[in-house]
Amino acid sequence: MNRILWTLQVLWGVFFSFTGFGKVLCLNQAVWNQMLPRVPWFSAVPQALFVFIGVCEFLGGVGLILPGMTGVKPKLAPLAAFGLTLVMLLAAVFHILRGEYNFFLPINLVLGGGAAFIAYGRLFVRSIAPASINTFRVLKGLAVLGALVFVGFVPVWYQLTHTH
C-alpha cells in the first residue's frame with residue numbers, strides 16, 4: 001500500500017505542480033491572452049481566479065511530495081490531497097454547469113478520486129512518520145521544489161518563445 005500511495009503522490013504531485021505553475025504564469029497578461037483561445041473554459045473564468053486556482057494546485061502538488069519525502073510535517077500531505085480533492089470537486093461542478101461532460105468532467109473526477117484516495121491512505125491506512133529537520137532534508141526539499149518549478153516553467157517558456 002505504501003508503494004501505491006507514493007506512486008500516486010508523485011504522479012499527482014508532479015501533475016498538479018506542472019498545471020498549477022502554468023496557471024500561475026498566466027498572471028502575466030501576455031501569457032493570459034495567448035492561453036485564452038486554447039481551452040474553451042478559460043474565458044469563462046476571471047484571470048485572478050484562474051491564477052488563484054493555479055496557486056492552489058501548485059501548492060497542493062508540492063504538498064503531496066515534499067512533506068512525506070523530507071519527513072518534515074508529513075501530516076501536510078493528506079491535507080494537501082484533501083485540498084486538491086476539493087478543487088477537483090469544484091471544477092467538476094463548474095464543468096457540469098457548463099455542460100462539459102465528455103472531456104473535462106471525467107478528468108476532474110479521476111484526479112479528485114486519486115487525491116481523495118491519497119488523503120484517506122495517508123491519514124488512516126499508511127501514514128508517514130515525522131522526522132527531525134536536518135541539512136540533508138532541507139537540501140532534498142529544495143531540490144525537489146526546484147525540479148517541480150523547472151518542470152512547470154520550461155513548457156510554458158517554450159510555447160511563449162517558439163510560437164509562429
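These are my notebook entries on helices, salt bridges, backbone angles and contacts in a predicted model.

**Entry 1: helix α1**

I began at the N-terminal end. Helix α1 has 23 residues. I took the distance from its first C-alpha to its last and got 31 Å, close to the 33 Å expected at 1.5 Å a residue. Next I listed its buried residues. Among them are Leu-5, Leu-8, Trp-12, Phe-16, Phe-21 and Lys-23. The list also holds Gly-13, Gly-20 and Gly-22.

I then picked out Trp-12, which sits in helix α1. Its relative accessible area is 14%, so I log Trp-12 as buried. What does Trp-12 contact, leaving aside neighbours within four places in sequence? I found Leu-64, Val-110, Leu-111, Gly-114, Ala-115 and Ile-118. I also checked one far pair. Trp-12 and Val-154 are 142 residues apart along the chain, and their C-alpha atoms are separated by 19 Å.

**Entry 2: helix α3**

Helix α3 covers residues 47–70. I compared its span with the expected value. Its 24 residues should span 34 Å at 1.5 Å a residue, and the end C-alpha atoms are 34 Å apart, which agrees.

Where does α3 bend? I located the bend at Gly-63, at about 30 degrees. A proline, Pro-67, follows within four residues. Just after α3, I noted a positive phi of about 80 degrees at Gly-71.

**Entry 3: the loop between α3 and α4**

Lys-73 is found in the loop between α3 and α4. I read a positive phi of about 55 degrees there, although Lys-73 is not a glycine. Most residues other than glycine have a negative phi, so I flagged this one. Is Lys-73 buried or exposed? Its relative accessibility is 60%, and exposed means over 50%, so Lys-73 counts as exposed.

**Entry 4: helix α4**

Helix α4 runs over residues 76–97 and has 22 residues. Its end-to-end C-alpha reach is 32 Å, close to the 32 Å expected at 1.5 Å a residue. Its buried residues include Ala-77, Pro-78, Leu-84, Val-87, Met-88 and His-95. I asked which helices the buried residues of α4 pack against. I got α1 (2–24), α3 (47–70) and α5 (104–125). Just after α4, Gly-99 takes a positive phi of about 75 degrees.

I looked up Leu-76 separately, a residue of helix α4. Leu-76 counts as partly exposed, at 44% relative accessibility. Leaving aside neighbours within four places in sequence, I found Leu-76 in contact with Gly-63 and Pro-67. Those two residues are also the ones I noted at the bend of α3. I checked Leu-76 against Arg-122 as well. The two are 46 residues apart along the chain, with their C-alpha atoms separated by 9.7 Å.

**Entry 5: salt bridges**

I searched the whole structure and found two salt bridges. Side chains of opposite charge can pair when their charged atoms come close.

One joins Glu-57 to Lys-23, with the closest N and O atoms 2.9 Å apart. Glu-57 lies in helix α3 and Lys-23 in helix α1, so the pair ties together parts that are 34 residues apart in sequence. I checked burial for this pair. Both Glu-57 and Lys-23 are buried.

The other joins Glu-100 to Arg-98. Here the closest N and O atoms are 3.0 Å apart. Glu-100 is buried, with a relative accessible area of 14%. Arg-98 is partly exposed, with a relative accessible area of 36%.

**Entry 6: a nonpolar patch**

I turned to the surface. Met-1, Ile-4, Phe-117, Tyr-120, Leu-123, Phe-124 and Val-125 form a nonpolar patch there. Together they have about 700 Å² of accessible area. Which helix gives the most to the nonpolar patch? I found α5, with five residues. I looked closer at Val-125, which lies in helix α5. It is partly exposed, with a relative accessible area of 42%.

**Entry 7: helix α6**

My last lookup was Leu-145, in helix α6 (residues 135–161). At 28% relative accessibility, Leu-145 counts as partly exposed. Not counting residues up to four places away in sequence, Leu-145 touches Phe-58, Val-62 and Leu-66. I also took its distance to Val-93. Leu-145 and Val-93 are 52 residues apart in sequence and 31 Å apart in space, C-alpha to C-alpha.

How values were computed
Residues numbered from 1 in each chain as written. Predicted model: local features only at pLDDT ≥ 70, side-chain atom pairs only at ≥ 80, totals over all residues. Heavy atoms only, no water. Expected span 1.5 Å × (residues − 1). Buried < 20%, exposed > 50% of the residue type's maximum accessible area, 1.4 Å probe, protein only. Contact = heavy atoms within 4.5 Å. Patch = residues over 30% accessible without salt bridge, like charges linked within 9 Å, V, L, I, M, F, W, Y side chains within 5 Å. Areas by Shrake-Rupley, 256 points an atom, 1.4 Å probe, with all protein chains shown as cover. Salt bridge = Lys/Arg side-chain N within 4 Å of Asp/Glu carboxyl O. Bend = angle between axes of the 7 residues up to and from the residue.
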